[in-house]
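Reader: I am new to this structure and would like to take a close look at a single part of it. Please begin with one residue and work outwards from there, explaining each step as you go.

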Amino acid sequence: MNELTKNFPQGFLWGGATAANQFEGGYKEGGKGLSTADVITAGTHTTPRRITPVLEQGMNYPSHEAIDFYHHYKEDIQLFAEMGFKVFRMSIAWSRIFPNGDDAQPNEEGLRFYDRVFAELKKHNIEPLVTISHYEAPFRLAQQYNGWSDRRVVDFYVNYCDVIFNRYKDVVKYWLTFNEINILTMPFGSFMAGAILPEGSAEFGNTAGDNEQLRYQALHHQFIASARAVKLGHSINKDFKIGCMIAYMCSYPLTCSPEDVTLAQQKDNLTNFLCSDVQVRGAYPGFAKRYFKEKGIELVIEEGDDEILREGRVDFYSCSYYSSTCVSADPDREKVGGNLSMGLKNPYLEASAWEWQIDPKGLRWSLNNIYNRYEIPLMVVENGLGAVDTVEADGSINDDYRIDYLRRHIAEMKEAVADGVELIGYTPWGCIDLVSAGTGEMKKRYGFIYVDKDNDGQGTLARSRKKSFSWYKKVIASNGEVLE
Ligand code: BG6
């Protein structure tokens, strides 16, 4: 029998991922407007974050300073280059370009900031991968239009795309239209992804005021916006590669009972595949139409929308993958956490301190599952372990647990490549410590680079290399051959 060689393709895009609202800071600098992320307080694993339409005195809003990439971008990019990054995933803060969202003219100072960032990346031969909207929108769009529930926001977004596509057409090739667009299929995503304003101050995860009709209408508007952006982008630069980005939530049936197996498939369809079917195939799948009918959801779909969706299909698929959960028809089974999706405990898996079950094999399973459906290039643009790190007396940070997590996931990606999956890149999440989206904490760290800042917002912001830094450098240098 011939021995199978398992390796990553030449030119594989190794790198790391971030999002403006979680690492950029400078929330009022350079003419930036307030974003939806700027009105969310810090929380903890046990205390939910709050959305406060009016900023409260003395309250910690972690996006305001975050880890201040705004002033540290040269140093940070230098560190990414030292690790050998080929690609760097970042997002543009929409409210830095259009402070109110509906402004007639873009903010030149905001555009100049990203000119400088892209120039710095180019200097180090790092390809930017830009998320156009990562869990934020100009706050005025939430206040004035109730976010994405209003179709006019589509035009504002497309106008924003027009500006950044034209400005950066020679320096950015890879784009993602919306981060984790599918979280709008869940109540949790209503404000974070949909900029739909809750009544008064609201706690994260409190689903009491959820309006499913509105959420799916907002999602439809995002599909239209994404499709129009894809078409527009290709007309500006035919070499653009524009992708969708899905929070891939791997769900196993808890038992082999046909009820559990069917439920797991339905969950996979509704939470994972509904959005990518629209964005990759260009039309709503049958199971979505059935769901809308059964739930009494009546979408306002304008004439011409079907064509827009068909013409705005993405070039590649990208997703985040952190963990897996189980699904059962039995309502009394034990649950586990995860900020986006609660699911059932899997007795075969260990969980992180934040209760996210660790499942490297689930990544191979998921990549096969996705690729078998679409057969287009895939990228894993988020993956990683949120953990508490300890700085030793000599300043070292020995994050062997993180190395172990990443090593096992990369090994399974390699298996997926050997299975025939066309995987083109990997950008682990929070390559530099940043603010947690779910809890607003700094303590939940993902980085190869440590940032001196604590949960209360105190610290020098100094950067230092963790043990995983030199490990990942070797992984990249060997194109994934050396994982020890
Ligand atoms: C993804 C988001 O859902 O998970 C990121 O795209 C987020 O923005 C990441 O930070 C990890 O979640 P958390 O809650 O640990 O920050």
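Author: In this predicted model, Ser276 has a relative accessible area of 0%, and because buried means under 20%, Ser276 counts as buried. Ser276 belongs to helix H9, and once residues up to four places away in sequence are set aside, Ser276 touches Ile246, Arg281, Tyr317 and Tyr374. One of these contacts, Tyr317, will come back when we turn to the strands.

Staying with the helix, we can move to another of its residues. Leu274 also has its place in H9, and it counts as buried because its relative accessibility is 0%. Apart from neighbours within four places in sequence, the residues in contact with Leu274 are Tyr216, Phe223, Asn269, Tyr284, Pro285, Phe287 and Ala288. For a sense of distance, the C-alpha atom of Leu274 is separated by 19 Å from that of Met192, a residue 82 places away along the chain.

Two of the contacts of Leu274, Phe287 and Ala288, lead us on to the packing of two helices. Two packed helices are described by the angle between their axes and the distance between the axes. Here the helices are H9, which covers residues 258-281, and H10, which covers residues 286-295; their axes come within 9 Å and cross at roughly 120°. That angle makes H9 oblique to H10, and the crossing in which H9 passes H10 is left-handed. On the H9 side, the contact is made by Asn269, Leu270, Phe273, Leu274 and Asp277, while Phe287, Ala288 and Tyr291 make it on the H10 side. Sorted by class, the residues of this contact comprise 6 nonpolar, 1 polar and 1 charged.

We can now follow Tyr317, which Ser276 touches, into the strands. Strand E9, made of residues 316-320, pairs with strand E13, made of residues 378-382, in the parallel sense over 4 bridges. Within this pairing, Tyr317 has Leu378 of E13 as its bridge partner. Strands of a sheet pair through backbone hydrogen bonds, either parallel or antiparallel. Both E9 and E13 take part in a closed barrel of 8 strands with parallel pairing, which runs E1-E3-E4-E5-E7-E9-E13-E14. From one strand of this barrel to the next, the twist averages 30°.

Another strand of the barrel, E4, repays attention as well. Strand E4, residues 127-131, is mostly covered, with 4 of its 5 residues buried. Its pairing with strand E3, residues 87-91, is parallel and extends over 5 bridges, and the partner of Phe88 in E4 is Pro128. E4 also pairs in the parallel sense with strand E5, residues 174-176, over 3 bridges, where Val130 stands opposite Trp175 in E5.

To widen the view a little, we can compare the packing of H9 and H10 with another pair of helices. H2 and H14, the latter made of residues 467-477, pack at an angle of about 55° with their axes 8 Å apart, and they are therefore oblique to each other. Leu79, Glu82 and Met83 of H2 meet Phe469, Tyr472, Lys473 and Ile476 of H14 in this contact, which by class has 5 nonpolar residues, no polar ones and 2 charged ones. Ser470 also lies in H14, and it counts as partly exposed because its relative accessible area is 40%. Although Ser470 and Met83 are 387 residues apart along the chain, their C-alpha atoms are separated by 7.1 Å.

Finally, two loop residues deserve a look for their backbone angles. Asp68, in the loop between strand E2 (50-51) and helix H2 (69-83), has a phi near 55°, a positive value in a residue other than glycine. Asp68 is buried, because its relative accessible area is 11%. Glu355, in the loop between strand E12 (343-344) and helix H12 (360-374), likewise has a positive phi in a residue other than glycine, near 70°. Glu355 is partly exposed, with a relative accessible area of 36%.

Key
Residues are numbered from 1 along each chain as its sequence is written. This is a predicted model: local features need pLDDT of at least 70, side-chain atom pairs count only at pLDDT 80 or more; totals for chains, interfaces and linings use all residues. Side-chain values use heavy atoms; hydrogens and water are left out. Axes are lines fitted to C-alpha atoms, for helices over the stretch in contact, and angles run from 0 to 180 degrees between N-to-C directions. Angles under 35 degrees count as roughly parallel, over 145 as roughly antiparallel, 65 to 115 as roughly perpendicular and the rest as oblique. A crossing is left-handed if the near helix is turned anticlockwise from the far one by less than a right angle, and right-handed if clockwise. Contact means heavy atoms within 4.5 Å. Ala, Val, Leu, Ile, Met, Phe, Trp, Tyr, Cys and Pro count as nonpolar, Asp, Glu, Lys and Arg as charged, and the others, Gly among them, as polar. Two strands pair if DSSP finds at least two bridges between them. Buried means under 20% relative accessible area, exposed over 50%, partly exposed in between (1.4 Å probe, protein chains only).
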